[in-house]
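Visitor: I am new to this structure and would be grateful for a close look at a single part of it. Please set out the whole briefly beforehand, so that the part may be placed in its surroundings.

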Amino acid sequence: MTSSSRLDTPQRIWAIIPAAGIGSRMGSDIPKQYLSIGNKTILEHSLDAFITHPKIHKVIVAINPNDRHWKKLKVSNHRKIIVVDGGDERGNSVNNGLRYIKQAGGDNDWVMVHDAARPCLYSMHIDNLIKAQETSPDGVILAVPSFDTVKVTNNQQTINKTIPRETIWLAQTPQYFPVARLQSAIEKSLQENVLITDEASAMEAQGYSPALVVGSKRNIKVTEHEDLILASISLSH
């Protein structure tokens with residue numbers, strides 16, 4: 001095997017869960033990732049697929065330094081979990097996790113970044129991302145095609161135009177990238193004040209072209225109360 005092929009092969013696969021948000025849209029007294037679904041919090045459900053997956057080396061959770069809830073969870077003491085400080089924005093939290101990985105000698109590793117409030121992930125989707133990496137050197141994300149007609153509006157909420165839905169995909173997480181490339185892309189985006197809505201957007205801003213892997217509508221992000229109900233139904237089956 002050549003040295004270049006070794007660099008292309010992930011030595012370890014990490015996961016980063018940015019969990020420093022306050023979830024203000026839920027209107028709850030506690031951050032949304034700590035709301036309960038059944039006998040676990042949303043965050044615990046979101047962590048489950050990673051801490052039980054045999055190919056995930058470690059799971060880095062970025063926690064707000066003033067967080068009062070994390071240490072109350074049994075999972076906070078799990079052997080696969082590492083805690084780093086979260087930042088004011090998602091990009092800062094993810095970057096702190098990436099810095100830890102690089103300090104641990106993980107420059108040539110790959111990393112999956114997953115939303116703390118996305119509790120309904122299938123283990124098979126982690127498998128599909130890992131397989132897709134073989135042909136996607138710029139990284140790969142879970143996404144679902146839009147089944148609805150997409151409208152572009154103006155400030156008065158009247159329609160300007162219709163976009164063909166065949167070209168529209170809805171991004172999900174996990175999003176899976178080479179550690180060194182993702183950290184470079186995020187740091188440049190932060191320096192240039194580029195809005196980072198997800199990790200793929202940081203990669204795109206630096207000229208990379210991540211690939212798509214079909215996800216599942218079940219893999220919803222809990223943002224509003226209706227999402228919490230849907231996630232509860234999904235996790236009960």
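**From the whole to strand S5 and its surroundings**

Guide: The protein exposes an accessible area of about 12600 Å², to which carbon and sulfur atoms contribute 49%; such areas are computed by the Shrake-Rupley method with a 1.4 Å probe, and for residues only the protein chains shown count as cover. The model is predicted, so local features need pLDDT of at least 70 and side-chain atom pairs count only at pLDDT 80 or more, while totals for chains, interfaces and linings use all residues. Residues are numbered from 1 along each chain as its sequence is written, and side-chain values use heavy atoms, with hydrogens and water left out.

The protein contains 7 helices and 11 strands (DSSP runs numbered from the N terminus: helices are H or I with at least four residues, strands E with at least two). Its radius of gyration is 18 Å, close to the 18 Å that the globule rule gives for 237 residues, so the protein is as compact as a globular protein of that length; the radius is taken over C-alpha atoms, and the rule is 2.2 Å times the number of residues to the power 0.38. The C-alpha trace spans about 55 × 45 × 40 Å along the principal axes of the protein. Of the 237 residues, 47% are buried (under 20% relative accessible area; exposed is over 50%, and partly exposed lies in between, with a 1.4 Å probe and protein chains only). Contacts (heavy atoms within 4.5 Å) often link distant parts of the chain: among those between residues at least 6 apart in sequence, 70% join residues at least 24 apart.

The part chosen for a close look is strand S5, which covers residues 81-85 and includes Ile 82. Ile 82 is buried, its relative accessible area being 14%. Setting aside residues up to four places away in sequence, Ile 82 touches Lys 58, Val 59, Ile 60 and Val 61, and also Trp 14 and Tyr 100. Lys 58 lies 24 residues from Ile 82 along the chain, yet their C-alpha atoms are separated by 7.2 Å.

The loop that leads from strand S4 (59-63) to S5 holds Pro 65. In contrast to Ile 82, which is buried, Pro 65 counts as exposed, at 56% relative accessibility. Beyond its neighbours within four places in sequence, Pro 65 is in contact with Asp 85 and Gly 86. Gly 86 is 21 residues away from Pro 65 in sequence, and the two C-alpha atoms are 6.9 Å apart.

Gly 86 also leads to a residue of a helix. Once neighbours within four places in sequence are left aside, the contacts of Ser 93 are Gly 86 and Gly 87, together with Pro 18, Ala 20 and Ala 62. Ser 93 belongs to helix H3, residues 90-103, and is buried, with a relative accessible area of 2%. Gly 86 therefore appears in the contact lists of both the exposed Pro 65 and the buried Ser 93.

Another helix may be set beside this region. Helix H2 (residues 42-51) has 9 of its 10 residues buried, so it is largely enclosed by the rest of the structure. Its buried residues are Ile 42, Leu 43, Glu 44, His 45, Ser 46, Leu 47, Ala 49, Phe 50 and Ile 51.
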